[in-house]
Amino acid sequence: MATATEPHAKRSRRANFSDEEMMAMILGWQDRQDVLRERFSQNITAERKKKAWEDVTTEVNSVSRILRGTEEVKKKFVDFKSVVKKKMSIIRQEQEKTGGGTSEAKALTHIEEAMAQVIKEIQVSGIPGLQDPGSM
């Protein structure tokens, strides 16, 4: 902790994730989604999930020029998924508007499109073990 006589040490900011790191993260998650998406059970333990995220981090670090930590990669995945979901929602709202004219929503980048595919897979498969009320 800095005292009144010591100058404040400026915290250096981590570099942004590159496109290569983002794709490695998304593809690494997709390769391990059977573990990372499932709820905890006898087969899916916290240790297995931790190992899966460590493997994703290893893939990111293999293409990165900066050594990334597991928590940093996990947080980036969750945050980026949220950003893409919001952008997808804005695009959908723009498409459903009545009237002519051009859309004000920006198109997804190729990295965002890859994440959108992950999001769509999650939405389509639903919650495992939950039965559709209409099929009863």
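**A walk around helix α1**

Start by selecting α1 and α4: the two helices pack at an angle of about 90 degrees, and their axes are 11 Å apart. An angle from 65 to 115 degrees counts as roughly perpendicular, so α1 is roughly perpendicular to α4. Bear in mind as you click around that this is a predicted model.

Now show the side chains where these two helices touch. On the α1 side, pick M22, M25, I26 and W29; what they meet in α4 is V73, K76, F77 and F80. Colour this contact by residue class and you get seven nonpolar residues, no polar ones and one charged.

Next stop: keep α1 (residues 19-31) on screen and add α3 (residues 46-63). Here the packing angle is about 150 degrees and the axes sit 8 Å apart. Angles over 145 degrees count as roughly antiparallel, which is why α1 and α3 are described as roughly antiparallel to each other. Turn the view until one helix lies in front of the other, and look at the crossing of α1 with α3, which is right-handed.

Which residues make this contact? From α1, select E20, E21, A24, M25, G28, W29 and D31; from α3, select W53, V56, E59, V60 and V63. Colour by class again: the contact of α1 with α3 has seven nonpolar residues, one polar and four charged. Leave M25 and W29 highlighted for a moment, as both are in the α3 contact and both also take part in the contact with α4.

From α3, move on to S64, in the loop that runs between α3 and α4 (70-96). Is S64 buried or exposed? Its relative accessible area is 17%, and buried means under 20%, so S64 is buried.

Zoom in on the S64 side chain and look for two neighbours. One is E21: the side chains of S64 and E21 make a polar contact at 2.4 Å. The other is I66, whose backbone oxygen lies 2.5 Å from a polar atom of the S64 side chain. E21 should look familiar, since E21 is also one of the α1 residues in the contact with α3.

Finally, zoom out to the whole protein chain. You'll count five helices and zero strands, and reading along the sequence gives the pattern α-α-α-α-α. Of the 136 residues in the chain, 26% are buried. As for contacts between residues at least 6 apart in sequence, 63% join residues at least 24 apart.

Technical notes
Residues are numbered from 1 along each chain as its sequence is written. This is a predicted model: local features need pLDDT of at least 70, side-chain atom pairs count only at pLDDT 80 or more; totals for chains, interfaces and linings use all residues. Side-chain values use heavy atoms; hydrogens and water are left out. Axes are lines fitted to C-alpha atoms, for helices over the stretch in contact, and angles run from 0 to 180 degrees between N-to-C directions. Helices (H or I, at least four residues) and strands (E, at least two) are DSSP runs, numbered from the N terminus. Angles under 35 degrees count as roughly parallel, over 145 as roughly antiparallel, 65 to 115 as roughly perpendicular and the rest as oblique. A crossing is left-handed if the near helix is turned anticlockwise from the far one by less than a right angle, and right-handed if clockwise. Contact means heavy atoms within 4.5 Å. Ala, Val, Leu, Ile, Met, Phe, Trp, Tyr, Cys and Pro count as nonpolar, Asp, Glu, Lys and Arg as charged, and the others, Gly among them, as polar. Buried means under 20% relative accessible area, exposed over 50%, partly exposed in between (1.4 Å probe, protein chains only). A polar contact is a pair of N or O atoms within 3.5 Å; within protein, one must be able to donate a hydrogen and the other to accept it, and residues adjacent in sequence count only if both atoms are side-chain atoms.
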